[in-house]
Amino acid sequence: MNRQIPVQKNQTIELHIHTLGHDGQGIGRYEDFTVFVPEALPGEYIQAKIIKVQKNYAVGKLLEISDNKTASLRVDPLCGIAKRCGGCQLQHMDYQAQLLFKQQLVIDNLERIGKFKDIQVHPTIGMENPWSYRNKAQVPIGSTDSEAGLISGFYAAKSHEIIPFDSCAIQHSQNDELVLAVRKIAEKYGVSAYNEKLHKGLLRHIVVRTAFTTNEVMVVIVVNGKSMPHQDKIINEIATLSANIKSICLSINTKKTNVIFGEQTKVLYGSDKIFDYIGDIRFGISARSFYQVNPVQTEVLYTKALEYAALTGKETVIDAYCGIGTITLFLAQKAKKVYGVEIVPEAIEDAKYNAEINGITNVEFAVAKAEDWIPKLSIRPEVIVVDPPRKGCDQALLDTIIDMRPKRVVYVSCNPSTLARDLRILADGGYELKEVQPVDMFPHTTHVECVVLMSRVDK
Ligand code: SAH
């Protein structure tokens, strides 16, 4: 059916915003036609200029918010570049409202994609202080024609234009300071910035990771080459910046790719790891290993996962997508035996090492794809925990879980849409959705993490 589109490009319209889209844009309806307006918030009456018209929706630019009806959800962003930087999408929204938005986002996905009805999703667990929470800064380096030397900053939304900054409101201050200092040292020794379009130049990213409980720091310099000019001098100067720096690595990435780290990592100073604690467990973390970026909320997340696993000490458990064994070692304290599987070899080396330094012996780790390795196991686990990347679980893994018939599946997810898709498959395979707990791991962004408990119906 052909229907008339009621708006045209460049037209200015008045709009009432009634909800938020999954990217945090305001959504209103103009003569029953959907209009997305970035930065507008639910409850607001606005004027918007239409900048794009598609068959089923239009996009508007926020021009003005009618004063007397301004929604109480709006706050002043803490960060001066919040509007331009693509890192945060919700700094202009009250924090409690952000938590409600994330809970609703999970409900919407479970209903729309997962076809679940009347589900209880718990309120999002937020942070007491939702600032300076990140333990890792990965900052792209560039240069501009107008400015001599190097610039560092985050990309603008949906682009690779670097928006320079010196400090970031959601980042640990030590990370910000060190990124800046390392950039200045590289500049002093004439290291060139990598240019993505031309695939030329050397310095791609500066990555700094601080372990919150020990303050230990790892600096990783990502280069499009095998080494840097004046490398020894550069490393010596970086090493003297702070006594907290325990490791400096060079990551060699000569590919034309968006992936930050290269295949090869060279340790140029100190150790190949830094150490952090989650609860009572000590973790060694190497450059390429995944480690949750918000340590305060990680503990909340893992404690929930452990609660949902409901272990008594007799169970055999599988932890799929185990990274450096964080969840595995948490579970091992309460289980008979835990098997962890992960695709990155360095992460499994870390996982084995971490089991050893904590004296945990009831664990076994494998480097493999979870979907290939788990079907070959001849055990019958009571609990399976999965914590996949954004794309969710492989269908083969979900089929294997259904065949293995564990009593409980604990699903840790960073993407509500793939979570909803996978939970539907498990539900159709004989599991009941019991608990859904969103945890705010990424305040001021639209990302939301969830822990979910599913139980086998016919035990
Ligand atoms: N549970 C860990 C890691 C979660 S991140 C933690 O909380 O720290 C997801 C992990 O899955 C990453 O370490 C990634 O390397 C790994 N991964 C990605 N695809 C995989 C696959 N097909 N099989 C096993 N692991 C995979």
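This passage describes a strand barrel, two annotated residues and the surroundings of the ligand in a predicted model.

The barrel is closed by 5 strands, which follow one another in the order S1-S2-S3-S5-S4. The pairing within this barrel is mixed, and from one strand to the next the twist averages 50 degrees. One of the pairs can be followed in more detail. Strand S2 comprises residues 26-30 and strand S3 comprises residues 33-37. These two strands run antiparallel and are joined by 5 bridges. Within this pair, Gly28 has Val35 of S3 as its bridge partner.

Attention now turns to the annotated positions. In the unreviewed UniProt entry, the annotation "binding site" covers Gln292, Tyr321, Glu342 and Asp387. Two of these residues, Gln292 and Glu342, are described here in turn.

Gln292 lies in a loop, with strand S14 (281-286) on one side and helix H4 (295-309) on the other. The relative accessibility of Gln292 is 5%, and because buried means under 20%, this residue counts as buried. When neighbours within four places in sequence are left aside, the residues in contact with Gln292 are Asn135, Thr298, Leu301, Tyr302, Asp387, Met441 and Glu449. Among these contacts is Asp387, which is also covered by the "binding site" annotation from UniProt.

Glu342, by contrast, belongs to a strand, namely S16, which spans residues 337-342. With a relative accessible area of 12%, Glu342 is under the 20% cut-off and is therefore buried. Residues up to four places away in sequence not being counted, Glu342 touches Tyr321, Cys322, Gly323, Ala347, Ile348, Ala366, Val367 and Ala368. The contact with Gly323 includes a polar pair: a polar atom in the side chain of Glu342 lies 2.8 Å from the backbone nitrogen of Gly323. Tyr321, another residue touched by Glu342, is likewise covered by the UniProt annotation.

The ligand is surrounded by 17 residues. The closest of them are Tyr302, Thr326, Glu342, Ala370 and Asp387. Of these, Glu342 and Asp387 are covered by the "binding site" annotation, and Tyr302 is in contact with Gln292.

Several polar atoms of the protein lie at short listed distances from the ligand, as follows. A polar atom in the side chain of Tyr302 is 2.5 Å from an oxygen atom of the ligand. The side chain of Glu342 has an N or O atom that lies 2.6 Å from an oxygen atom of the ligand. For Ile343, a polar backbone atom is involved, at 3.3 Å from a nitrogen atom of the ligand.

Definitions and conventions
Residues numbered from 1 in each chain as written. Predicted model: local features only at pLDDT ≥ 70, side-chain atom pairs only at ≥ 80, totals over all residues. Heavy atoms only, no water. Pairing = 2+ DSSP bridges. Helix = DSSP H or I, 4+ residues; strand = E, 2+ residues; numbered from the N terminus. Axes fitted to C-alpha atoms, helices over the stretch in contact; angles between N-to-C directions. UniProt positions renumbered as here; feature names shortened; annotations may be inferred. Buried < 20%, exposed > 50% of the residue type's maximum accessible area, 1.4 Å probe, protein only. Contact = heavy atoms within 4.5 Å. Polar contact = N/O pair within 3.5 Å; in protein donor to acceptor, adjacent residues only side chain to side chain. Near = heavy atom within 4 Å.
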